[in-house]
Amino acid sequence: MVQTEKTNVNPAAGGLGPPRFGLRTMFGLVALFCGCLAAFVAAGPLVGSALLMALVIVATHVAGNAIGSRLRDNAQRSSNEPEDGPDSMLRRPPEASHFAPPTRLSRRAPLGWFMRIMTGLGCVAGAICGGLTLNLTSTQPLSLTTFAFGSTAMGILGGLFSFWLFSLMQVFLLAWWQADWHGHQE
């Protein structure tokens, strides 16, 4: 009989042990993967991809929930232990001097005129490009309601995309500017 080496992970210290699963779980995952491949063959790549994405979302949600619950339980267990011993320095709560100053991103701020203008321009650009693309790629003459509906839908998508893009750019540039400014202050 051969004994395997055990890992030195102390769950009371807040760590996680290595993932463990049995042969039954592995065969279940293989069967589930084969079912997804069968869906690819039977229903086509679009339905198979949708099923695979749904499966991955559910699996990551369950795994995240399990890991988070285990970490929370380990943290509660370690916080109830006495603070004597060599690890007491590691469990001491942090002081305010250990943290960086709060950034401007932590404060609520209105969107501002720039974001409203760029979102509006994204709506207009999306509606124009969508209408032109719909008109150029259609093999049949389009009715006015079809053209209006397609242009409106693309306008909404263009507005959402421009809002997302310029919000991301604004936050990135603000964080970069503040980090650079704090870097020159010291």
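**Exercise 1. Leucine 174 and its surroundings**

With which residues is leucine 174 in contact, leaving aside its neighbours within four places in sequence?

*Solution.* The model studied here is a predicted one, and the first step is to place the residue: leucine 174 belongs to helix α4, which covers residues 144-185. The second step is to look past the neighbours within four places in sequence, and leucine 174 is then found in contact with Arg104 and Leu105. A third step looks at threonine 103, which is 71 residues from leucine 174 in sequence, while the two C-alpha atoms are 9.5 Å apart in space. Finally, leucine 174 has a relative accessibility of 22%, and because buried means under 20%, leucine 174 counts as partly exposed.

**Exercise 2. The chain as a whole**

Determine which elements make up the protein chain, and describe its contacts and its surface.

*Solution.* Counting the elements gives 4 helices and 0 strands, so that, by the DSSP runs numbered from the N terminus, the order reads α-α-α-α. Turning to contacts with a separation of 6 or more, 66% of them in the protein chain join residues 24 or more positions apart. For the surface, the accessible area of the protein chain comes to about 15,600 Å², and carbon and sulfur atoms hold 69% of it. Of the 186 residues of the chain, 13% count as buried.

**Exercise 3. Confidence along the chain**

Decide how the confidence of the prediction varies, and where the coordinates call for caution.

*Solution.* Begin with the average, which is a pLDDT of 80 for the protein chain, with 80% of the residues scoring at least 70. Next, compare the elements: helix α3 (residues 113-137) has the highest mean pLDDT, 93, whereas helix α2 (residues 45-79) has the lowest, 82. Then turn to residues 1-7, over which pLDDT stays under 50 and for which the model has 1 contact beyond four places in sequence. Where pLDDT is low, the predicted coordinates should not be read in detail.

**Exercise 4. Helix α1 and the patch**

Describe the span of helix α1, what follows it, and the nonpolar patch that includes Leu23.

*Solution.* Helix α1 has 21 residues and reaches 30 Å from its first C-alpha to its last, which is close to the 30 Å expected at 1.5 Å a residue. After α1 comes glycine 44, whose phi is positive, near 105°. For the patch, Phe21, Leu23, Met26, Phe27 and Val30 together form a nonpolar area on the surface, with about 530 Å² of accessible area. Leucine 23 lies in helix α1, residues 23-43, and with a relative accessibility of 54% leucine 23 counts as exposed.

**Exercise 5. Arginines of helix α2**

Is arginine 70 buried, partly exposed or exposed, and which residue forms a salt bridge with arginine 72?

*Solution.* Arginine 70 is found in helix α2, and at 47% relative accessibility arginine 70 counts as partly exposed. Its C-alpha atom is separated by 7.7 Å from that of leucine 16, although the two residues are 54 places apart along the chain. As for arginine 72, its salt-bridge partner is aspartate 73, with the closest N and O atoms 4.0 Å apart, and the count of salt bridges comes to 1. Both partners are partly exposed, since arginine 72 has a relative accessible area of 47% and aspartate 73 has one of 36%.

**Exercise 6. Helix α3 and serine 151**

Which residues of α3 are buried, and which residues does serine 151 touch, not counting those up to four places away in sequence?

*Solution.* First, the helix itself: α3 has 25 residues and reaches 36 Å from its first C-alpha to its last, close to the 36 Å expected at 1.5 Å a residue. The buried residues in α3 are Met115, Met118, Thr119, Gly122, Gly126, Gly130 and Gly131. Serine 151, for its part, is found in helix α4, and apart from residues up to four places away in sequence it touches Ala127 and Gly131. With a relative accessible area of 12%, serine 151 is buried.

Terms used: Residues numbered from 1 in each chain as written. Predicted model: local features only at pLDDT ≥ 70, side-chain atom pairs only at ≥ 80, totals over all residues. Heavy atoms only, no water. pLDDT = per-residue confidence, 0-100. Helix = DSSP H or I, 4+ residues; strand = E, 2+ residues; numbered from the N terminus. Contact = heavy atoms within 4.5 Å. Salt bridge = Lys/Arg side-chain N within 4 Å of Asp/Glu carboxyl O. Buried < 20%, exposed > 50% of the residue type's maximum accessible area, 1.4 Å probe, protein only. Expected span 1.5 Å × (residues − 1). Patch = residues over 30% accessible without salt bridge, like charges linked within 9 Å, V, L, I, M, F, W, Y side chains within 5 Å. Areas by Shrake-Rupley, 256 points an atom, 1.4 Å probe, with all protein chains shown as cover.
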